[in-house]
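Here's a quick tour of a structure for anyone just starting out with proteins. Have the 3D view open while you read.

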Amino acid sequence: MSFLQNKRIFPYLLLIPSLLILALITLFPFLYNIWVSLHDYYLLYPKDMTFIGFMNYLSLLRNGDFWNSLKTSFLFTISTVGLEFIIGLLLALLLNRDFKGKNLFRTLFLFPMIVTPIAVGYMWRIMYSPSLGVINYFLSFIGITGKEWVADPKMALLSVVIVDVWQWTPFMALIFLAGLMSLPREPFEASIVDGSTQVQSFYYITLPLMKPVFIVALLFRFIDSFRTFDIIYSMTGGGPIRATETFNIHIYYNAFRDLQIGYSGALAIVFLFLVIVICTLILRWSKVEIID
Amino acid sequence: MIQKKLRQIINISCITGLIILLLFFLFPVIWMFFMSIKTRADALAMPPKFIFQPTLANYASVLTNQNFIHGFYNSLIVGIFSLIIVLFVGVPASYAIARYTFKHKRDIAFWILSTRMAPPIAVLIPFYLLFRTLGLTDTRFSLIITHITINLALVIWMMRSFLQDVPRDLEEAALIDGCTPMQSFIKIILPLCANGIIATAILGFVFSWNDLLFGLVLSGANAKTAPVFVANYISYQEIMWGQLCASGIIVTIPVIIFVGFVQRYLIRGLTLGAIKG
């Protein structure tokens, strides 16, 4: 029993089960992906699996669909996270004021992010319906003729961006609100004494103090927006003509529709690499510590 | 006088802005509910009907669908069991990270966090091949194992933020009284953060419940989860909007109930404890 009581060994004892599970869910997939990405592997003919070195990586670099999906992903991620940031900040500032029913308002804004994502996708698909949808019906009141929305290659990406913004802006807003409410009072009192305007104190005090909160929100939204699956799958399935085929959807189809496992393994490694690099850059560049 | 007028104008425009935003964020949910209680004819009416005779027929047909009930049950089992595993291994790890200093602590903490960053599809391909080789596709077991990846980082990081809130003196007193570190962890610390554990468990369950991708790939007729059932609805019944919406609402109801309990911890959970909310 003295082994269990040893204070130096104790933390490792607590960690061992987690480390084993971590190895199973990180090291195993990572190494397996790398191994499989070095092979030509069509799922239905596992016996024909052949080692081809880095050929999968070379062929993805030459594949237009790969570049298209990457471009779509970045367009999707930058526009969703950008819009969510701006509208979320606005919403947080509005919610941070004193008025009656403040808590009720805050609760109601939770709805978009807790509705099951697959249901979100279908619900919007129904509302986007060109002939029977409620959105075109509302637009007709302000003289805008019906759009095809998700069926139009030019509008499809915008349509799914709107849904993601709908779903996740409240998340940004509530994070920002939590940040705003925990700001210290002293700097603002001092700035009033110094005669600065509200706009000035927002720009010079609120924004800099909120930086860690902004970074956390951006980081999590980036991670999730970049891997968005459910709403795109249910609304457009990546179409029409690949207009909404993000990188994640692209890999999904390569792996589980076309069964090109070797090639998909290479794509997955590229995906992992991109996410880790971008997250690291966000954290380095902002100098915000999330591991203390 | 002008100051007062100006303030009033600002107040009114703020409230107006808030109400417009609220309408935008709530309307789709309300509309979905309306659709779910409309007859087929009313759901497809143009212009859309805002006043109609409600019906529960859509709910009845979803709830009497054996496949749906089965999917609901599968989701429940997968969520509960994967969460039990994650809590069992995650909470002790989280305690070690919150309280002790040891070699490579930062690396291990980052390693755990990286499971939240890693794209699920990169985890899914190898596990799909593994389960295929082992003949375990379309089992709840395969889903339980993969759902661990959804929640491990959540549990460890969120629990860490709760454990940090527990004053250190309590453990020190317990150690002086002759408790082993393990006893003080189990008998003193765990009961003190029971609320945190429940909140973490509920959020983890919600994330597991909402998952579509793992279910879509790993499950067939046997282990199909509720979201997968909803996803397949449209392919063979293209225009059954009422039933589709009803199934969406039914899948969402457990989430709404659960989140209702842990509302104040929602932001803490979604940011893995980084923002306390």
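A:Gly101 counts as exposed, because just 8 C-beta neighbours sit inside 10 Å and the cut-off for exposed is 12 or fewer. You'll find A:Gly101 in the loop between α4 (64-95) and α5 (102-108) of chain A. Keep in mind that this is a predicted model.

**Exposed or buried: a few residues to click on**

- A:Gly101 and A:His39 are 62 residues apart in sequence, and their C-alpha atoms are 60 Å apart in space.
- Over in chain B, B:Gln8 has its place in helix α1.
- B:Gln8 also counts as exposed, because there are 10 C-beta neighbours inside 10 Å.
- From B:Gln8 to B:Arg160 it's 152 residues along the sequence and 45 Å through space, C-alpha to C-alpha.
- Now for a buried one: A:Trp149 has 23 other C-beta atoms within 10 Å, and 20 or more is what it takes, so A:Trp149 is buried.
- A:Trp149 belongs to the loop between α8 (134-141) and α9 of chain A.
- The phi angle of A:Trp149 is near 50 degrees, which is a positive value in a residue other than glycine.
- B:Leu272 has a positive phi as well, near 55 degrees, and isn't glycine either.
- Look for B:Leu272 in the segment after α14 (266-270) of chain B.
- Is B:Leu272 buried or exposed? B:Leu272 is buried, because 22 other C-beta atoms lie within 10 Å.

**How the two chains meet**

- How many residues of chain A are in contact with chain B? The contact takes in 75 residues of chain A and 78 residues of chain B.
- On the chain A side, helix α2 (residues 10-37) gives the most, with 15 residues.
- Sorted by class, that side of chain A has 59 nonpolar residues, 12 polar ones and four charged ones.

**Chain B from end to end**

- Chain B is built with 14 helices and zero strands.
- Chain B has 277 residues, and a compact globule of that many would have a radius of gyration near 19 Å, but chain B comes out at 24 Å.
- Along the principal axes, the C-alpha atoms of chain B fill a box of roughly 75 × 75 × 30 Å.
- Buried residues account for 47% of chain B.
- Take the contacts in chain B between residues at least 6 apart in sequence: 77% of them join residues at least 24 apart.

**The two domains of chain B**

- The domain assignment splits chain B into domain 1 (2-57) and domain 2 (58-270).
- The centres of these two domains, taken over C-alpha atoms, are separated by 33 Å.
- Where the domains touch, nine residues come from domain 1 of chain B and 10 residues from domain 2 of chain B.
- On the domain 1 side, α1 (2-36) and α2 (40-43) of chain B each supply at least two residues.
- Of the elements on that side, α1(B) gives the most, with four residues.
- The domain 1 side divides into six nonpolar residues, one polar and two charged.

**The nonpolar core**

- In soluble globular proteins, nonpolar side chains tend to be buried together.
- The largest nonpolar core in this model has 158 residues.
- Which residues touch the most other members of that core? They are A:Met123, A:Ala173, A:Ile175, A:Phe176, B:Leu124, B:Ile125 and B:Leu152.
- Helix α9 (residues 156-181) of chain A provides the largest share of this core, 15 residues.
- Chain B's domain 1 (2-57) and domain 2 (58-270) each put in at least three residues.
- Zoom in on B:Leu152: leaving aside neighbours within four places in sequence, its contacts are A:Ile21, A:Ile25, B:Val86, B:Gly90, B:Ile112 and B:Thr115.

**How confident is the prediction?**

- Chain A has a mean pLDDT of 89, and 97% of its residues reach 70 or more.
- Within chain A, confidence is highest in α4(A), at 95, and lowest in helix α1 (residues 2-5), at a mean of 51.
- Where pLDDT is low, the predicted coordinates should not be read in detail.

Notes. Residues numbered from 1 in each chain as written. Chains lettered and ligands numbered in written order. Predicted model: local features only at pLDDT ≥ 70, side-chain atom pairs only at ≥ 80, totals over all residues. Contact = placed C-beta atoms within 7 Å. Nonpolar A, V, L, I, M, F, W, Y, C, P; charged D, E, K, R; others polar. Rg over C-alpha atoms; globule rule 2.2 N^0.38 Å. Domains from an automatic or database assignment. Core = buried A, V, L, I, M, F, W, Y, C linked by C-beta atoms within 7 Å. pLDDT = per-residue confidence, 0-100.
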